Amino acid sequence: MGTLWTNGTIYTMQAEGQTVEAVWTEDGKVKALGSEAALRERYPVDRNMDLEGKIMFPGFVDSHMHLIGHGETLMRLDLSEMTSKEQVLKAVKEKSANTPEGDWIIGEGWNENLWEDPSVITKDEIDQVAAGHPVLLKRICRHAIVVNTLALEKAGITDASEDPEGGLIDRYEDGRVNGVLKDTAQDIVTGILPAISLAYLEEALAKGVQSCWENGLTGGHTEDLSYYGDFNKTYQAFVNTLGNGAKKFRAHLLVHHAVIEDWHDEGHQFLEGGPYVEFGAMKIFADGALGGRTALLSHPYADDESTSGVSIHTEENLQALVAKARSYDLPIAVHTIGDQAFEQVVDAITKEPTVKGRRDRLIHAQILRQELIEKIKGLDLILDIQPRFVASDFPWVIDRIGKDRMKYNYAWKTLLEEGIHCAGGSDAPIEPVNPLLGIHAAVTRTNPVDPDHTVYGPEQVLSMYEGISLFTKGSAFACHHEADRGLIKEGYDADFTILSEDPFTGGPEVLLKQVVAMTVVDEDIVFDRDRKK
């Protein structure tokens, strides 16, 4: 016996504009499409799902996120919406007053680009509001943190400390450490944080999944396994929380190279797992982020010619990591924001091609050049893009990179026209987890809160079909599930995102409303806004 879904607009996403009248599902799979009358006559129906005029899509999937990290933002001090340094410091002061002395205070998401005065926070400023606590505040990009004096002391960082490979310890003009740590320098402090319990990880996952459901996500490709002190404990948290459908969510786990030996020693393999938790590619960071000028460019930054960014690995070490992945029959998933980092990774995978048709993915790919786009044509890879970065990074990124170098940056339309496969993600908690905001950025190239509605790169605007495809077909292709996910089609998983309004007919403004009505995973309704499930 199965479920009949009808009385709505059902977009299959098999082709632009393609709809069907009804869908019949059974045992978590789409079994047939067609007219309601024909399906009722042909199949046994024990559950009727009246869509009441709503709009059904294949389940939206975030192709790049940090699920535990997203859950943590719902548990920790959230700084992401604060519009001044003073607001951040006030929040830290209030948190300090309600935290036992000596306990760590951790905040998430400060972004100086939202502030009228974009000068970053320093240790001295934090000391003035929370001297009795070690404090760690993560920048929105997670490629920089700022800590106070007590945290520096606990980590053993002094004014005489040297920059670690692939990282920067920022300083005041007089040479003193100012508390800002970038890229691998962060590890010096994060490595001495109190151990995180399994229960904490499970709570963060549960909160993260609930938030994803509420935003219409049926799954996510997530990278969390190296940040919480123990690979096995973190993996166990996923199994306990999602395994066997405890909380139905399709989690595709990227495995950071720092824990790949633990993964291998446990006998795991690519795509091993069940329907809700499976392993994906080996994750590597090639460079940093644009906010802290640590993304690796092929030229100096236009607004600071003293630097062209940071290479996390030497070219030799990067090549060795790629070789290690291949020895384990793994594709790689590499964070590459700057064009020089992108080029180094492309060179590395050209020398050491992927194995068994397992596609590599280059994550972010914001800063490109025409010759790099030509260089990747024909390679077995996918670009894992975050359209929402357009809303967050403009206009300041133009000054950072240089107006004359912007033609192939954030060039999503060009990539698709050149036949490059792309998937859509949020990088949550760096950006909001809501996929509709990512689609809105892709199809408008605007920031929703910009009163001038400035369009950044109008020639790169995607169609609504292309934008939605990033989070359906694109995400499925990125994790080798194009034959069973990403479409409403016979034999595919019965995962659906159901909206109360149609973005195809209502336009991009629909995407800015609270229109997620239901989220369905494996034929089960895991979120129903009307019933508050």
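These are my notes on what I looked up in this structure, entry by entry.

**Entry: the model as a whole**

I am working from a predicted model. I began with the secondary structure and found 18 helices and 22 strands in the protein. I then looked up the radius of gyration, which is 23 Å, while the globule rule gives 24 Å for 533 residues; the two are close, so the protein is as compact as a globular protein of that length. Along the principal axes, the C-alpha atoms fill a box of roughly 80 × 55 × 55 Å.

**Entry: burial, contacts and surface**

I noted that 60% of the 533 residues are buried. For contacts between residues at least 6 apart in sequence, I found that 72% join residues at least 24 apart. The accessible surface comes to about 20,500 Å². Carbon and sulfur atoms account for 47% of that surface.

**Entry: charges**

I counted 51 positive and 86 negative charges in the protein. Their mean positions are 3 Å apart.

**Entry: the six-stranded sheet**

I followed one open sheet of 6 strands and wrote down its order as β7-β8-β9-β10-β12-β11. The pairing in this sheet is mixed. Which strands stand at its edges? I found β7 (77-78) and β11 (167-171) there. Each has a single partner strand, so one side of each is left without a neighbour in the sheet.

Inside the order, I looked at the step from β9 to β10. Strand β9 covers residues 135-139 and strand β10 covers residues 144-147. They run antiparallel and are joined by 3 bridges. Within this pair, I noted K138 opposite I145 of β10.

**Entry: strands β14 and β15**

Next I went to β14 (residues 250-256), which pairs with β15 in the parallel sense over 5 bridges. Across this pair, H256 stands opposite K283 of β15. Is β15 enclosed or open to the outside? Strand β15 spans residues 277-285, and 9 of its 9 residues are buried, so I have it down as largely enclosed by the rest of the structure.

For reference, I added that strands of a sheet pair through backbone hydrogen bonds, either parallel or antiparallel.

**Entry: cis peptide bonds**

I looked at two peptide bonds that lead into proline. The bond from F394 to P395 is cis, with omega near 5°. P395 sits in the loop between α13 (389-393) and α14 (396-401). The bond from A428 to P429 is also cis, and its omega is near 10°. I placed P429 in the loop that runs between β19 (422-424) and α16 (435-444).

**Entry: positive phi outside glycine**

I then turned to backbone phi angles. K356 is not a glycine, yet its phi is positive, at about 55°. The residue lies in the loop between α11 (339-351) and β17 (360-364). Is K356 buried or exposed? Its relative accessibility is 61%, and it therefore counts as exposed, the cut-off for that being over 50%.

H453 is another non-glycine residue with a positive phi of about 55°. Where does H453 lie? I found it in the loop between α16 and α17 (464-478). With a relative accessible area of 55%, H453 is exposed.

Notes
Residues are numbered from 1 along each chain as its sequence is written. This is a predicted model: local features need pLDDT of at least 70, side-chain atom pairs count only at pLDDT 80 or more; totals for chains, interfaces and linings use all residues. Side-chain values use heavy atoms; hydrogens and water are left out. Helices (H or I, at least four residues) and strands (E, at least two) are DSSP runs, numbered from the N terminus. The radius of gyration is taken over C-alpha atoms; the globule rule is 2.2 Å times the number of residues to the power 0.38. Buried means under 20% relative accessible area, exposed over 50%, partly exposed in between (1.4 Å probe, protein chains only). Contact means heavy atoms within 4.5 Å. Accessible areas come from the Shrake-Rupley method with a 1.4 Å probe; for residues, only the protein chains shown count as cover. Lys and Arg count as positive and Asp and Glu as negative; His and the chain ends are not counted. The place of a charge is taken as NZ of Lys, CZ of Arg, CG of Asp or CD of Glu. Two strands pair if DSSP finds at least two bridges between them.
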